[in-house]
Number of protein chains: 2
Amino acid sequence: MIRLIQTGPTRPVLALAWLLSLHLAGCAGPSTPCPETPAAAAQEPASVAPVAAADPQPAVAPAPLALSLWTDNARRKAIIDFVARVTDPKSENYVPAAERIAVFDNDGTLWSEQPMYVQLAFVLDRIKALAPQHPEWKKKQPYKAVLEGDMKTLMAMGNEGIIPLMMSSHAATTADEFDTVVREWLKTARHPKYNQLYTDLTYAPMVELLAYLRANDFKTFIVSGGGVAFMRPWVEAAYGIPPEQVVGSRIKAEWKDSDAGGNIVRLAELDFINDGPGKPVGIYNALGRRPIFAAGNSDGDLAMLKWTAGGSGARLALIVHHTDDLRETAYDRKSGMGKLDKGLDVAQQLGAQGKPWILVDMKQDWTKVFRSDAPVGAPGPGPQPMIPSQPAAATQSATTTTPPTTVH
Amino acid sequence: MIRLIQTGPTRPVLALAWLLSLHLAGCAGPSTPCPETPAAAAQEPASVAPVAAADPQPAVAPAPLALSLWTDNARRKAIIDFVARVTDPKSENYVPAAERIAVFDNDGTLWSEQPMYVQLAFVLDRIKALAPQHPEWKKKQPYKAVLEGDMKTLMAMGNEGIIPLMMSSHAATTADEFDTVVREWLKTARHPKYNQLYTDLTYAPMVELLAYLRANDFKTFIVSGGGVAFMRPWVEAAYGIPPEQVVGSRIKAEWKDSDAGGNIVRLAELDFINDGPGKPVGIYNALGRRPIFAAGNSDGDLAMLKWTAGGSGARLALIVHHTDDLRETAYDRKSGMGKLDKGLDVAQQLGAQGKPWILVDMKQDWTKVFRSDAPVGAPGPGPQPMIPSQPAAATQSATTTTPPTTVH
């Protein structure tokens with residue numbers, strides 16, 4: 001999700017700036033949702049899932065409630081088969097519990113990244129919240145543009161506008177203070193389309209998959225291009241993943257010693273970009289082990305997926321393909337955020353060769369998207385969209401109500 | 001244990017170089033132990049442990065076998081009391097299990113760092129092992145000096161000699177290859193003084209303390225100035241700590257993509273120094289939580305200990321003071337490695353003020369040092385010293401055989 005940019009002769013600048021510029025190009029801020037999602041128009045037809053031929057009778061009977069939100073098809077079966085193989089001590093693919101490492105991207109894989117990354121909404125809201133302490137911002141760009149909602153000017157500034165916003169919203173606090181700021185923001189900030197708390201908009205089937213893996217003695221990690229300090233305050237409640245099992249991008253931190261004790265202070269300088277080729281490196285630095293299971297949704301996850309799938313023994317690389325334009329947003333090759341282009345090719349090609357790659361078709365494979373969705377065929381409130389072109393009814397279930405007998 | 005050095009106008013150089021230079025100044029390599037340990041001569045008398053007044057009847061009865069290798073005195077009691085307070089749901093100091101984070105330095109805290117860091121022995125042995133692939137090393141410094149055992153020349157070269165050795169021994173391999181190299185080396189390399197495998201020379205009371213904390217639902221981490229990739233291959237067997245719970249110094253790593261998969265390659269460039277002020281930063285970056293328990297043994301651990309002790313609620317900062325010149329090596333303020341000077345003052349001053357700092361007196365407080373030691377008063381082989389001035393008998397127990405009635 002986040003790219004490294006080289007600016008000038010010195011060093012890379014905060015990758016989130018890239019993220020921000022992509023979003024600002026298409027959206028007018030968290031309180032003014034994108035009039036359209038550019039990627040949606042470029043949406044490919046639901047692609048063929050490159051797994052083994054369909055088998056309506058899974059060889060391994062799923063445990064009760066295991067992956068209950070997943071359509072009973074070949075992709076669900078492939079996940080269950082993988083877990084059965086690595087947990088069966090008699091299997092040649094058995095993996096000791098300590099080595100059952102599963103890594104998950106966050107934005108677009110565990111929760112929604114449309115119409116903008118949640119962290120971007122936080123940046124813009126945070127600038128507004130800090131403005132009273134910075135009266136000079138009323139006349140100083142890029143802050144002036146944010147405060148006036150003048151996204152056109154902000155966009156025209158490019159990185160020169162974006163980087164100060166990132167630093168002003170994320171740095172110059174202690175570690176404890178920033179943690180509190182994020183927690184407080186998430187208590188009230190709402191998704192511009194669904195009008196729900198962001199933490200209520202996690203993907204229910206993926207949260208179920210996390211729990212399913214942990215029930216089989218996997219240790220689950222988040223490995224995200226997003227800022228690690230932005231994720232840690234809430235991922236335990238949302239996903240059951242403790243803060244110390246989150247790997248992400250980060251700005252530098254510094255120890256400020258004092259006789260009274262000392263503290264960690266966050267600095268306005270990039271430290272590590274945990275995206276693209278940074279993901280396997282981030283995993284290596286943080287965990288020291290190659291995962292046996294990885295899930296992502298974009299080209300930014302491809303290196304992590306390849307490293308995971310490339311090890312010996314049983315492996316599984318899973319890509320969430322956003323094919324559902326009714327319950328969520330359909331996007332892939334042309335999307336400004338969560339672009340899935342090369343990864344789509346790799347998953348399709350390797351899957352067709354019998355390699356352990358699964359391309360999850362969100363529309364076909366998930367009986368729910370969000371926790372608050374009614375399951376397919378059942379009544380329920382569902383997310384409440386705020387965009388007139390997507391009436392509330394449309395957010396519920398355009399998926400088939402019976403499991404497909406062939407794999408899509 | 002490892003210091004940051006500024007060399008020239010550009011950037012810090014590998015901290016292990018400093019480590020290496022300190023060692024080379026006093027030792028002639030892993031197969032030629034230091035003729036004397038400089039710190040020993042400067043040894044202070046066993047310092048006063050700054051904990052509450054002695055109480056031969058602990059208020060909290062220890063669980064069976066809990067800290068059985070610790071002398072039953074006020075320091076042992078302070079550890080047990082702390083654990084009792086944070087685990088009792090009725091206590092005002094109760095801490096939920098998920099937040100019971102305990103961090104331990106490695107060298108000098110969990111295993112011996114005398115007469116040299118184990119990682120340094122690895123560096124020198126690794127250069128020798130790689131020499132056949134590098135015939136030019138026979139005539140090229142600093143390799144020539146290592147191969148000829150010419151420590152005098154190597155010492156005179158300073159960082160210019162040391163940095164290439166570090167890089168040649170740690171970089172230019174894949175992640176998997178380096179892991180294997182470390183595992184293989186530890187199978188045969190032996191401590192120059194005790195003639196045992198290094199992994200057999202962990203401190204038994206500290207290994208017991210780790211297990212005791214985990215039995216009370218603490219999550220235990222290593223936070224070391226040593227190289228993280230050097231520790232991860234063996235810490236699970238030695239301490240019960242999995243690789244993903246190890247934080248350490250590191251060189252840069254890079255993802256090398258390929259159609260066939262890709263790999264992690266280790267580069268000859270410093271990435272992070274996890275020592276001194278780097279320790280709380282390393283913990284923040286890796287865990288995102290402030291620990292409630294920390295153990296160290298040197299000034300390089302002081303920032304970590306202060307950050308840990310400075311939080312709200314119940315906290316414990318523990319320093320292992322190397323007071324035992326018979327069973328191990330006595331050293332503190334003047335030692336070239338594991339220097340404990342400012343930390344000794346801080347622990348004594350804050351402990352005297354009733355702050356949660358414990359200065360463990362190795363000689364008084366541990367009934368065993370190494371796993372292979374006979375317990376105090378019992379027969380047993382003990383480590384086999386190779387230094388004539390320290391006969392085998394002297395390695396066993398100069399400690400008191402009964403718990404002290406006053407605190408030392």
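A salt bridge here is a side-chain nitrogen of Lys or Arg within 4 Å of a carboxyl oxygen of Asp or Glu. By that rule, the interface of chain B and chain A holds 10 salt bridges. Please keep in mind as you look around that this is a predicted model.

## Where the two chains meet

Let us start with one of those pairs: the side chain of B:Arg289 joins that of A:Glu244 in a salt bridge, with 3.0 Å from N to O. Polar contacts also link the chains, and 24 residue pairs between chain B and chain A are counted, both residues at pLDDT 80 or more. Which elements of chain B each supply at least two residues to the side that touches chain A? They are the helices α8, α10 (228-239), α11 (278-286) and α12 (302-309), together with the strands β4, β5 (246-258) and β6 (261-272). The residues on this side of chain B divide into 18 nonpolar, seven polar and 15 charged.

In terms of contact, 40 residues of chain B touch 40 residues of chain A. The size of an interface is often given as the accessible area lost when the parts come together. Between chain B and chain A, the buried area is about 3,200 Å², and carbon and sulfur atoms give 49% of it. Three residues, B:Glu244, B:Trp255 and B:Tyr284, supply 22% of the area that chain B buries against chain A, more than any other three residues.

## Backbone details in the loops of chain B

Now for some backbone features that are worth finding on your screen. Two peptide bonds leading into a proline are cis: one runs from B:Gln114 to B:Pro115, and another from B:Gln141 to B:Pro142. Two residues other than glycine, B:Asn195 and B:Asp217, have a positive phi. The table gathers the angles.

| Site | Backbone angle |
|---|---|
| B:Gln114 to B:Pro115 | omega near 0° |
| B:Gln141 to B:Pro142 | omega near 5° |
| B:Asn195 | phi near 55° |
| B:Asp217 | phi near 65° |

Where do the prolines sit? B:Pro115 is in the loop between β3 (101-104) and α4 (118-130), while B:Pro142 belongs to the loop between α4 and α5 (143-147).

As for the residues with positive phi, B:Asn195 lies in the loop between α8 (175-188) and α9 (204-215), and B:Asp217 is found in the loop between α9 and β4 (219-227). B:Asn195 counts as partly exposed because its relative accessibility is 38%. B:Asp217, at 48% relative accessibility, counts as partly exposed, since that class runs up to the 50% cut-off.

Definitions and conventions: Residues numbered from 1 in each chain as written. Chains lettered and ligands numbered in written order. Predicted model: local features only at pLDDT ≥ 70, side-chain atom pairs only at ≥ 80, totals over all residues. Heavy atoms only, no water. Helix = DSSP H or I, 4+ residues; strand = E, 2+ residues; numbered from the N terminus. Buried < 20%, exposed > 50% of the residue type's maximum accessible area, 1.4 Å probe, protein only. Contact = heavy atoms within 4.5 Å. Buried area = accessible area lost by both parts, 1.4 Å probe. Polar contact = N/O pair within 3.5 Å; in protein donor to acceptor, adjacent residues only side chain to side chain. Nonpolar A, V, L, I, M, F, W, Y, C, P; charged D, E, K, R; others polar.
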